[in-house]
Amino acid sequence: RTAGALQAALVCLAEHFQHEEALFQQYNFGQHANALLSAAKSHAEEHERILQVGRGELAKCSIAGSSQVPAAAIRSLLQEFHEHTVRYDSQYAEPLSTKGAK
């Protein structure tokens, strides 16, 4: 539960999100001429929101002069990621997989 561990986890999470977004582009998933209706755009915005939650916790640690991240904050971030995978990722996993995405 250290700030360093959270920072490392956020780097991994950001790389994972970048990979997903690259797959969307590669396989033309969720694209729409009207950006307001783009599933890919809203999905990327959700990625950024989750990363901002984690960055916010890091900022709180920095302000408090602490290297420890509260357990409740870690649970909250894990819950955010879990809800994201259930709500969003489940919608694209099969269509992209059938197109050969990995």
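Analyst: Helices are DSSP runs of H or I, at least four residues long, numbered from the N terminus. The model is a predicted one.

User: Which helix gives the most residues to the lining of the largest pocket?

Analyst: Two helices each supply at least two lining residues: H1 (3-26) and H3 (71-98). The lining includes Ala5, Leu6, Ala9, Leu10 and Leu13. With five residues, the top contributor is H1.

User: How many residues of that lining are nonpolar?

Analyst: Arg1 and Thr2 are among the lining residues. So are Ile50, Ile74, Leu77, Leu78 and Phe81. The pocket has a volume of about 190 Å³. One lining residue is charged and one is polar, while the nonpolar count is 10.

User: Phe17 and Phe81 form an aromatic pair; how many residues apart in sequence are the parts tied together?

Analyst: There are four aromatic pairs in the count. The Phe17 and Phe81 pair is tilted, with 6.4 Å centre to centre and 40 degrees between the planes. Phe17 sits in helix H1 and Phe81 in helix H3, so the parts they tie together are apart in sequence by 64 residues.

User: Is Phe17 buried or exposed?

Analyst: Buried means under 20% relative accessible area. Phe81, at 28%, is partly exposed. Phe17 has a relative accessibility of 2%, so this residue counts as buried.

User: Where is Cys61, and which residues beyond its sequence neighbours within four places is it in contact with?

Analyst: Cys61 belongs to helix H2 (residues 39-64). Its relative accessible area is 5%, so Cys61 is buried. The C-alpha atom of Thr2, 59 residues away along the chain, is 9.2 Å from that of Cys61. Leaving aside neighbours within four places in sequence, the contacts of Cys61 are Ala3, Ser66, Gln68 and Val69.

User: How far apart are the closest N and O atoms of Glu45 and Lys41?

Analyst: Glu45 and Lys41 are four residues apart in helix H2, so about one helical turn separates them. Glu45 is partly exposed at 44% relative accessibility. Lys41 is also partly exposed, at 39%. In their salt bridge, the closest N and O atoms are apart by 2.5 Å.

User: Glu57 and Lys60 meet in a salt bridge; which residue is exposed?

Analyst: Both residues lie in helix H2, three residues apart, about one turn of the helix. Their N to O distance is 3.2 Å. Glu57 has a relative accessible area of 14%, so Glu57 is buried. At 52%, the exposed residue is Lys60.

User: Which residues do salt bridges with shared partners join into one network?

Analyst: The count comes to five salt bridges. Glu48 and Arg55 form one of them, at 2.7 Å from N to O. The network joined through shared partners is Glu46, Arg49 and Glu80.

Conventions:
Residues are numbered from 1 along each chain as its sequence is written. This is a predicted model: local features need pLDDT of at least 70, side-chain atom pairs count only at pLDDT 80 or more; totals for chains, interfaces and linings use all residues. Side-chain values use heavy atoms; hydrogens and water are left out. Buried means under 20% relative accessible area, exposed over 50%, partly exposed in between (1.4 Å probe, protein chains only). Contact means heavy atoms within 4.5 Å. On a 1 Å grid over the protein atoms alone, a cavity is a set of points where a 1.4 Å probe fits but cannot get out, and a pocket is an open set with protein on both sides within 12 Å along at least five of seven lines; lining residues have an atom within 4 Å of a point. Grid points are joined across faces, edges and corners, and a volume is the space filled by probe spheres set on the points. Ala, Val, Leu, Ile, Met, Phe, Trp, Tyr, Cys and Pro count as nonpolar, Asp, Glu, Lys and Arg as charged, and the others, Gly among them, as polar. Rings of Phe, Tyr and Trp (its six-membered ring) pair if their centres lie within 6.5 Å; planes under 30 degrees apart count as stacked, over 60 as edge-to-face and the rest as tilted. A salt bridge is a side-chain nitrogen of Lys or Arg within 4 Å of a carboxyl oxygen of Asp or Glu.
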